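Colleague: I am new to this structure and would like a close look at a single part of it, the aromatic residues and what surrounds them. Please take me through that part slowly and then outward to whatever it connects with.

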Amino acid sequence: MHRKGLTVIELLVIVSVLGILLGLAVSNLLGFRRHLSLEDAVNLLSQDIQTCRTNALSWGDSCRLRFMGNQTYVMERKTSPTDYTLVLTRNLSSPVSISNVPAGAWLEFDPRTVLTYSAGFPLASPGIAAPEIRLTNGSKTFRLLVSMVGAVKTAAL
């Protein structure tokens, strides 16, 4: 006897295998997307640090980045000895967050583009006065080290 087509059981096996393969592909794509959003956030923060430095030089006023929490930071221009004007607000996309910088901590470039930072800002190590910012997506972490002249080095941990 010669039959044409597939039985119901054969179709169910094929659909099940395709479903499993599709599930694995979607899972891998979501993990890849999370990794890309973390890298995007690292690049954006690095650029904002450089922009703040450049702004301080061009304005002739200090520029600072102030961290508002684990997903938000602002760029501010110093307008008087005690006052700052908001220039930019950045909200990191979930699940990316800043894992080691306390709310209210800041990095500030003076008009000569020399970096200062708030007391308690995390440093790379006790003997190295390089502020450290860590960004994470829960599964991977990047470390940004900021030199006293504003150069930013990034590394995956």
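Modeller: Phe-67, Tyr-73 and Phe-121 form one aromatic cluster, and since everything here is read from a predicted model, the values that follow are computed from its coordinates. The structure holds 2 aromatic pairs. One of them joins Phe-67 and Tyr-73 in a tilted arrangement, with 5.9 Å from centre to centre and 45 degrees between the planes. Both partners are hidden from solvent by the cut-off of under 20% relative accessible area, because Phe-67 has a relative accessibility of 0% and Tyr-73 has a relative accessible area of 1%.

From Phe-67 the view widens to the nonpolar interior. The largest nonpolar core has 26 residues, and Phe-67 is among those with the most contacts inside it, together with Leu-45, Ile-49, Ile-98, Leu-107, Ile-133 and Leu-135. Helix H1 (8-59), strand S1 (63-67), strand S2 (72-78), S5, strand S8 (128-136) and strand S9 (141-146) each supply at least two residues of this core, and the largest share, 7 residues, comes from H1. Ile-133 shows how these pieces meet: leaving aside neighbours within four places in sequence, Ile-133 is in contact with Phe-67 and Phe-121 of the aromatic cluster, and also with residues including Leu-45, Ile-49, Ile-98, Leu-107, Phe-142 and Leu-144.

The strands bring us to the sheet. An open sheet of 5 strands runs in the order S3-S2-S1-S5-S6, with antiparallel pairing. Its edge strands are S3 (84-91) and S6 (115-117), each of which pairs on one side only, and the twist averages 20 degrees from one strand to the next. At one end of that order, strand S5 (residues 106-109) and S6 pair in the antiparallel sense over 3 bridges, and Leu-107 stands opposite Tyr-117 in S6.

Between S5 and S6 there is a loop, and Thr-113 lies in it. Thr-113 is buried, with a relative accessible area of 9%, and, apart from neighbours within four places in sequence, Thr-113 is in contact with Arg-53, Leu-57, Met-148 and Val-149. The backbone at Thr-113 also deserves a look, as its phi is positive, about 65 degrees, although Thr-113 is not a glycine. Most residues other than glycine have a negative phi, and most peptide bonds are trans.

The second half of that remark leads to another loop. The peptide bond from Ser-94 to Pro-95 is cis, with omega near 15 degrees, and Pro-95 is placed in the loop between S3 and S4. Strand S4 (residues 97-98) includes Ser-97, which counts as buried at 15% relative accessibility. Not counting residues up to four places away in sequence, Ser-97 touches Asn-70, Gln-71, Leu-92, Arg-134, Leu-135 and Thr-136. One of these, Leu-135, returns us to the core, where Leu-135 is among the residues with the most contacts.

A last ring is worth adding, this time in company with a charge. The charged end of Arg-64 sits over the ring of Tyr-84, 3.6 Å from its centre. To go back to the starting point, Phe-67 belongs to the aromatic cluster with Tyr-73 and Phe-121, and Phe-67 is also one of the residues with the most contacts inside the largest nonpolar core.

Note on methods. Residues numbered from 1 in each chain as written. Predicted model: local features only at pLDDT ≥ 70, side-chain atom pairs only at ≥ 80, totals over all residues. Heavy atoms only, no water. Pairing = 2+ DSSP bridges. Helix = DSSP H or I, 4+ residues; strand = E, 2+ residues; numbered from the N terminus. Axes fitted to C-alpha atoms, helices over the stretch in contact; angles between N-to-C directions. Buried < 20%, exposed > 50% of the residue type's maximum accessible area, 1.4 Å probe, protein only. Contact = heavy atoms within 4.5 Å. Phe/Tyr/Trp six-rings, centres within 6.5 Å; stacked < 30°, edge-to-face > 60°. Lys NZ or Arg CZ within 6 Å of the ring centre and 35° of its normal. Core = buried A, V, L, I, M, F, W, Y, C linked by side-chain atoms within 4.5 Å.
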